[in-house]
Amino acid sequence: MSDRTETPATENGRPGRTRRTRRRIIVPLALIAVIGGSGALAATRPWEHRSSAPAHSPVGHETVEVRKGSLSSGIQVGGALAYDAPTAVVPSGSGTLTALPAVGTVVKPGATLYEVDGKPVVVLRGDRPMWRDLGPDTGDGPDVEQLERNLIDLGYANGLGLKADRKFTADTATAVKRWQKALGVQQTGTVTLGSVVMLPQQTARVQQLDAKLGSAVGSTAVMTVTGTDLVATVQPADNQTSRFKPDGRVTVKLADGSTVGGRIRSLIRGGTGGGNGNGPGGEGGGGPEKTTVTIALDSQQQPQQAGPSTVTVTVVGETAEDALIVPVTALIALDGGGYGVKVADGATTRLVQVRLGLVADAKAQITGDVRAGDRVVVPA
């Protein structure tokens, strides 16, 4: 018996014909399967090519109306509405706290903020803390200039010709005595350390008390004050920060649904809160530093009614007015370039080439042989 395997012969006696014939049958079947699969894919893709979409075909998808209106590429970021410029009040001098204001109290320069040993501690405006007595024997310095500016602004230097010139003169002492008389304290002409608190705000609002009556004055804060204006603060994601431009315009939506315009006042890198516990991301946690954006509001009337609360800030981008708008899923990429839409016409559709304008929020501005009110095909 032979171990050789015989290859079937054909009519002309050549081997292998049957195997080649089988291949010719299998390959066309595979091509048919591929073509059938690609045809099914083209029929279900929302961004299909012109060659795969007949000019007139039955409507097999949902349709939406072409809308006429405005479209904007702006972004929205959640934030908070809070009082501006929180500042810790750290007293100088020594003694015992004998009177404290209520939270929410508004204090103007020249008024009493709290008491130490039964004597008023008065608010004046300035960035430099008091660090020494200011009187006739005081040497020249910027703290003297700061005091003189307050005396002039409060009207106690009227008729004296006093100038804020860093020198404590006889006219300065006279203005101090006038001020002390108005306060009802001894008229010494000298401002003693601890009797004045310098604050940067034009008008201060007491936000929280950090000390209790009877506490000894030390190096810790007695309270935290803010300005009286509300500002909006947001902490955008890293990929949104570039949209916040210094002095850029934004729209702030308040908790009650009303809106107010605003201007980007500052962008500060670092920290995770707004400095007063009301800003977004105030929980900390040691995460990466974020950029805090502070927004000055055009009006205070509506924000003051809303009070500290959450807000939504919209950065206005490019805007298209009176535009024809469709969902981006209605757009069809054409083989020759550009885009089209399928406009429903009764039981059929027609393919219309369109030009794209602004694209934002999954919507697109289009122009072409399309009118407001037409219905275009979108994926179901």
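This report describes the fold, the largest pocket, helix α2, the salt bridges and some backbone features of a predicted model.

## Overall architecture

The chain contains four helices and 23 strands. Of its 380 residues, 38% count as buried. Contacts in the chain can also be sorted by how far apart the partners lie in sequence. Among contacts with a separation of 6 or more, 67% are made by residues 24 or more positions apart.

## The largest pocket

Rolling a probe the size of a water molecule over the atoms shows where empty space is left. In this model, the largest pocket encloses about 470 Å³ of space. Its lining is made up of 23 residues, and those closest to the centre are Lys-119, Pro-120, Val-185, Thr-192 and Ser-195.

Two elements, β9 (119-125) and α3 (170-183), each contribute at least two residues to this lining. Strand β9 provides the largest share, with four residues. When the lining residues of the largest pocket are sorted by class, eleven are nonpolar, ten are polar and two are charged.

## Helix α2 and its surroundings

Helix α2 covers residues 142-153. Its twelve residues, at 1.5 Å a residue, should span 16 Å, and the C-alpha atoms at its ends are 17 Å apart, which agrees with that expectation.

The buried residues of α2 are Asp-143, Val-144, Gln-146, Leu-147, Glu-148, Asn-150 and Leu-151. These buried residues pack against β9, α3 and β10 (196-199). Strand β9 and helix α3 have already appeared in the description of the pocket, as each supplies at least two residues of its lining. Just after α2, the backbone at Gly-155 adopts a positive phi of about 90°.

## Salt bridges

Side chains of opposite charge can pair when their charged atoms come close. The structure holds ten salt bridges, and three of them are described here.

One salt bridge joins Asp-140 and Lys-167, whose closest N and O atoms are 3.0 Å apart. This pair links distant parts of the chain, for Asp-140 lies in the loop between β9 and α2 while Lys-167 lies in the loop between α2 and α3, 27 residues apart. Lys-167 has a relative accessible area of 43%, so this residue is partly exposed. A second salt bridge is found within a helix: the side chains of Glu-145 and Arg-149 meet at 2.9 Å, N to O. Both residues belong to α2 and are four residues apart, about one turn of the helix. Arg-149 counts as partly exposed because its relative accessibility is 40%.

A third salt bridge connects Asp-238 with Arg-269, with 3.7 Å between the closest N and O atoms. This pair also links distant parts of the chain: Asp-238 is in the loop between β13 (230-234) and β14 (249-253), and Arg-269 is in strand β15 (residues 259-269), 31 residues apart. Both Asp-238 and Arg-269 are exposed. Elsewhere, salt bridges with shared partners join Glu-145, Arg-149 and Arg-166 into one network.

## Backbone and loop features

Asp-117 has a positive phi of about 55°, although this residue is not a glycine. Asp-117 is placed in the loop between β8 (112-116) and β9. Its relative accessibility is 47%, and Asp-117 therefore counts as partly exposed.

Arg-166, likewise not a glycine, has a positive phi of about 75°. This arginine is located in the loop between α2 and α3. With a relative accessibility of 39%, Arg-166 counts as partly exposed. Arg-166 is also a member of the salt-bridge network with Glu-145 and Arg-149.

Asp-238, in the loop between β13 and β14, is a further residue to examine. Its relative accessible area is 61%, so Asp-238 is exposed. Asp-238 and Lys-290 are 52 residues apart in sequence, while their C-alpha atoms are 7.8 Å apart in space.

Methods: Residues numbered from 1 in each chain as written. Predicted model: local features only at pLDDT ≥ 70, side-chain atom pairs only at ≥ 80, totals over all residues. Heavy atoms only, no water. 1 Å grid on protein atoms, 1.4 Å probe; cavity = no way out; pocket = protein on both sides within 12 Å on 5 of 7 lines; lining within 4 Å. Points joined across faces, edges and corners; volume = space filled by probe spheres on them. Nonpolar A, V, L, I, M, F, W, Y, C, P; charged D, E, K, R; others polar. Salt bridge = Lys/Arg side-chain N within 4 Å of Asp/Glu carboxyl O. Buried < 20%, exposed > 50% of the residue type's maximum accessible area, 1.4 Å probe, protein only. Expected span 1.5 Å × (residues − 1). Contact = heavy atoms within 4.5 Å.
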